[in-house]
Structure formats: C-alpha cells, structure tokens
Amino acid sequence: MALSPTRTVVSSPGKVLLCGGFLVLDRAYTGLTFGIDARIHVVVNDIPTAPGVTLSEIIVKSPQFRDAVWEYSYRQTEEDGGIHLTQLRAAASQRISRNLFVEAALGYVLTYVSTIQPARIQPASVTILADNDYYSAPSDIPCAAGSSNPPKFADFGTPLNKTNKTGLGSSAALVTAFTAALLVHYLPIEEFSLSNDQGKSILHNLAQAAHCAAQGKVGSGFDVASAVYGSCLYRRFSPSILQHHGEPASPGFAKQLKTLVEDTDPKYKWDTEIIKSAVTVPKGIRLVMCDVDCGSETPGMVKKVLAWRSANYEDAERIWKQLQKHNEELAAELVRLGQDQDDNYSALREIIFKARALIREMSQKSDVPIEPPAQTKLLDDCSNVPGVIGGVVPGAGGFDAIALLIEDRAEVLSGLRDYLQDRQADSSSSGQQVGKVNILGVREEMEGVRIEDVSMYAQWT
Ligand SMILES: Nc1ncnc2c1ncn2[C@@H]1O[C@H](COP(=O)(O)OP(=O)(O)O)[C@@H](O)[C@H]1O
Ligand SMILES: C[C@@](O)(CCOP(=O)(O)OP(=O)(O)O)CC(=O)O
C-alpha cells in the first residue's frame with residue numbers, strides 16, 4: 001500500500017531578471033529578479049501494480065509536444081551511489097531521445113529521497129504541463145472546444161526541440177517544480193514540506209545542483225531561485241559549493257548529495273541571499289514582457305563580457321558599481337512607491353534611464369550587443385507610449401526580449417499593442433534588425449513554488 005498521496009501537483013514560476021544581468025554572476029553584486037505568472041506544473045501519479053509484481057519505472061510525459069515521453073527504470077546502486085536511472089525505449093523501434101533536465105532532476109531527487117526513505121520510491125507517472133507563454137505559439141494552434149481561445153495547456157504539435165522558447169526560464173521552472181513534486185509525493189510531511197523555510201531551502205539546493213548538472217555550467221542560479229522563492233533580490237551562492245560532489249551513481253554520491261542539500265558541510269556552506277521584502281511592484285504598475293522575434297546566445301555573451309571585465313578591471317569595476325547603485329535605487333523606488341501609494345513615476349523613469357546608459361556603455365566597451373542600437377530604439381519608442389514608464393533588456397539582454405514597467409491600465413496596454421503593431425510594418429520596410437515584437441500575456445508574480453489543487457488537472461493527465 002502506498003503511504004503517500006496518490007496524486008501530487010506542484011507548480012513553479014518563470015523568471016525575468018529586470019536588472020543585474022552579468023553583475024549577478026559575481027557575489028559582490030545582486031540581481032532584481034521577478035517571478036512571472038507563467039508556470040510549469042508537474043503532476044505525479046502513482047502507477048498501481050498487481051500484488052506480487054515489482055515494477056521500478058518512472059514515466060515522464062510532456063503531452064503538449066510530439067514524441068515527448070521519457071521512460072526510466074531505477075535501481076539503488078552499491079557503494080552509496082544513490083539511484084541509477086536507465087532510460088527505456090517506449091517501443092523497440094523507437095530511438096531514445098534524452099531530456100537532460102528531466103534526467104538530472106529525476107536522478108538527483110530520487111537519490112535524495114533514497115537517503116531518507118528508499119522504500120517509498122514507488123513507480124510513478126509524471127506529467128509536465130507548461131503555461132503557453134513559455135513557447136512562441138504557431139498561428140494555427142487549435143482552440144479549446146467551444147471557445148475562441150487556445151486551451152490552458154496548448155498542444156504545440158511539434159517536438160520540444162523544434163519549438164521556439166520565449167526566454168521565461170522553462171528549464172529552471174521545470175527542474176524546480178519537478179523536484180518539488182517528487183519530494184512532496186515521496187516524503188512524509190514530517191520530513192519535507194514546502195510550507196516551511198527548511199523545505200524551501202532543501203528544494204532550492206537540490207534544484208540548483210540538478211539544474212547546474214544538466215546545464216553543464218554554473219550560472220548565477222537566479223532562475224532557480226525565482227522558481228523557488230518568486231520575486232526577490234538575489235545574491236548568488238559561491239560557485240565552489242556545487243563543485244565538490246561526484247557524478248550520480250558514482251561511489252559516495254548519495255551521502256555527498258545529502259550533505260550538500262541539507263547544508264551540513266562546514267567547508268562549503270550555502271551563502272545564497274534571498275531578500276523578498278526588497279522587491280515589489282506597487283499597485284498601479286505592472287510588468288510587461290515582449291518577445292522579440294530573434295534570439296541571442298547567453299553563454300557566448302557571458303564569456304565575452306567577463307573576458308572584457310577581467311582585461312579592463314578598473315573601468316569595468318566603475319560600471320559594475322555604478323550599475324549596482326542604480327539597481328538598488330530602482331528596487332528601493334519600487335518599494336517606496338508602494339509604501340507611499342505614490343503615483344508619480346518620474347524618479348523611477350529617471351533611474352531606468354541612468355541604468356540603461358551604463359548598460360549601453362558595458363555593451364559598447366565589451367563589444368557585446370547587450371542593448372544593441374535596434375533595442376535602444378525599441379525601448380525609447382515604447383517609453384514614449386503614454387503610460388509606459390520605462391523598460392530594459394532583461395537578463396543578458398541581446399535581441400531576445402524587452403521588459404517594460406507600465407501603468408496598470410487597459411488603455412496603456414492597448415496603446416502599446418497598437419504601437420508595436422504599426423511598428424512591425426515600419427521595421428520590415430526599413431530593414432531594422434528587430435523583427436516582430438509580441439506582448440506576452442504574462443506579468444510579475446510574487447509567489448514562488450506552490451502546491452496546486454489536483455482536481456484542476458484531471459483533463460490534462
Ligand atoms: N514542457 C517541457 N517538458 C519537458 N522538458 C522541458 C519543457 N520545457 C523545457 N524543458 C527542458 O528544458 C530545456 C530548455 O532549457 P533552456 O534551453 O535552458 O531554455 P530556458 O531558457 O527556457 O530554460 C529543454 O531542452 C527541455 O530539456
Ligand atoms: C547573464 C546572466 O547574468 C543573466 C542571464 O539571464 P537570461 O534571462 O538572459 O538567461 P537565459 O534564460 O539563460 O537566456 C547569467 C546568469 O545570471 O546566469
């Protein structure tokens with residue numbers, strides 16, 4: 001008899017790093033990261049087995065995409081290596097397609113659970129459901145029956161790797177929700193709960209480790225932090241923390257992972273700082289994300305910016321320090337506006353302007369298109385739409401997206417939409433680099449990971 005509930009659903013938000021791109025890679029600086037209301041939901045169901053039948057299988061599906069089923073058998077390894085996964089073929093004729101993020105999250109979370117209660121790992125079926133805004137929808141996406149809108153979880157009709165992402169942090173939200181859902185599903189509430197700080201910290205550490213292993217590099221981790229804690233001021237953990245454990249299934253991995261996740265190694269203590277009270281979007285303002293129809297490669301940009309920084313330490317330090325000051329001012333002004341219930345946004349506008357000038361200096365000096373001229377024009381023009389306070393290139397910048405702060409009124413959004421529609425005609429005739437710009441249906445959200453009502457997901461699993 002399974003002791004855990006038979007079905008668990010957990011969701012995590014996507015992210016937008018409003019300010020602190022590149023700076024946040026260094027612990028001396030911070031990033032202002034917003035959770036957004038596009039979430040990735042993970043549903044876990046027990047797979048019932050007949051008495052006497054032993055099955056050690058986990059099936060993971062992402063039904064919005066073609067060929068998105070990953071089946072694994074699991075077994076406890078010797079020499080404390082934790083849980084070893086073997087990916088299975090759904091049919092003998094099928095090729096195995098790996099999903100590195102699912103694989104890492106599953107291997108790490110099952111190993112952690114096995115250090116607490118190995119017997120509780122029972123066969124399960126896991127369904128991943130992503131809010132539609134994570135991916136650019138094809139124009140012919142089928143509508144929900146009897147409605148003119150696409151369903152809550154659209155069928156994209158293509159394999160995952162052929163679908164364009166909108167840059168909201170799908171892998172971090174996925175790894176976090178996936179890890180949380182399995183922790184909640186397998187562990188008794190006395191051992192793990194998302195409603196206390198200790199549970200959130202275990203989830204954060206485990207999800208950072210799995211995400212970093214899947215990515216094959218240590219980023220700042222702001223995306224995983226947002227997926228766990230929602231909007232916050234973020235100071236990264238020391239990278240060395242994630243560089244001292246072995247590979248999954250290697251001897252001693254289970255103990256190393258438990259020590260890492262529970263933060264019991266005095267030599268490598270987690271030093272992440274999450275300050276939720278430093279971040280707010282006051283009533284009367286909202287965040288708008290616009291997807292720009294061309295992309296940039298974050299890892300290449302990071303390498304080049306950091307190389308310029310090490311070669312030009314003094315100049316870079318001046319820009320980094322000044323930008324950090326403006327970023328702190330921006331966070332403080334948002335908090336002040338909320339506290340004073342003030343609707344005079346001129347100081348906020350000014351701070352955004354000053355921060356952008358430094359981002360352009362960083363961009364020009366490092367020769368990396370963080371805020372390239374075409375994005376400068378787009379941001380300037382959007383900032384002139386009545387009710388738009390200002391905007392930035394979020395995260396690493398480039399041609400991926402812009403993030404705007406606007407007055408939260410329907411006419412401001414429709415004015416912006418009209419401007420962007422007209423501008424599309426302009427841009428194609430004048431041959432500018434920035435193509436079609438779409439307003440995404442997302443806004444900021446303060447809350448991070450959360451348990452969802454299972455009854456809402458019946459039709460999707
Ligand atoms: N809906 C989904 N179902 C399964 N895996 C997903 C889903 N969305 C994202 N992923 C995983 O995340 C990867 C994309 O991660 P990445 O390229 O880092 O994009 P992002 O910037 O959105 O995190 C995919 O290759 C896949 O492994
Ligand atoms: C440069 C960065 O500081 C911010 C990058 O933020 P993005 O939101 O651009 O990230 P991707 O989703 O990976 O494209 C790198 C980091 O902090 O890891």
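How much of the chain over residues 164-230 is helix and how much is strand, and how far apart are the end C-alpha atoms? In this predicted model, the stretch is 66% helix and 0% strand, and its end C-alpha atoms are 24 Å apart. The UniProt record, an unreviewed entry, places the feature "domain: GHMP kinase N-terminal" at these residues, 164-230.

Two ligand sites were examined. Ligand 1 is surrounded by 15 residues, of which Ser 62, Phe 101, Ala 130, Ser 170 and Ser 171 come nearest. Three elements, namely helix α1 (100-116), strand β6 (124-130) and helix α2 (170-186), each supply at least two residues of this shell. The largest share is that of α2, which contributes four residues. Sorted by class, the shell around ligand 1 consists of eight nonpolar residues, six polar residues and one charged residue.

The shell around ligand 2 also has 15 residues, and the closest to the ligand are Gly 219, Ser 220, Thr 298, Gly 395 and Ala 396. Its composition by class is eight nonpolar and seven polar residues, with no charged residues. Residues of this shell are given both by domain 1 (7-140 + 156-276 + 446-460) and by domain 2 (285-444), and ligand 2 therefore lies between the two domains.

Backbone geometry was considered next. Most residues other than glycine have a negative phi. Glu 79, although not a glycine, has a positive phi of about 55°. This residue is found in the loop that runs between strands β4 (69-76) and β5 (83-88). Glu 79 counts as exposed because it has 11 C-beta neighbours inside 10 Å, and a residue with 12 or fewer is placed in that class.

Ala 249 likewise is not a glycine and has a positive phi, here of about 75°. The loop that holds Ala 249 lies between strand β7 (232-235) and helix α5 (253-262). With 19 other C-beta atoms within 10 Å, Ala 249 is partly exposed, since a residue is classed as buried at 20 or more.

A further alanine, Ala 347, is located in helix α8, which comprises residues 346-366. Ala 347 is partly exposed because 14 other C-beta atoms lie within 10 Å, a count between the limits for exposed and buried residues. Along the chain, Ala 347 and Glu 329 are 18 residues apart, and their C-alpha atoms are separated by 9.7 Å.

Key
Residues numbered from 1 in each chain as written. Chains lettered and ligands numbered in written order. Predicted model: local features only at pLDDT ≥ 70, side-chain atom pairs only at ≥ 80, totals over all residues. Near = placed C-beta within 6 Å. Nonpolar A, V, L, I, M, F, W, Y, C, P; charged D, E, K, R; others polar. Domains from an automatic or database assignment. UniProt positions renumbered as here; feature names shortened; annotations may be inferred.
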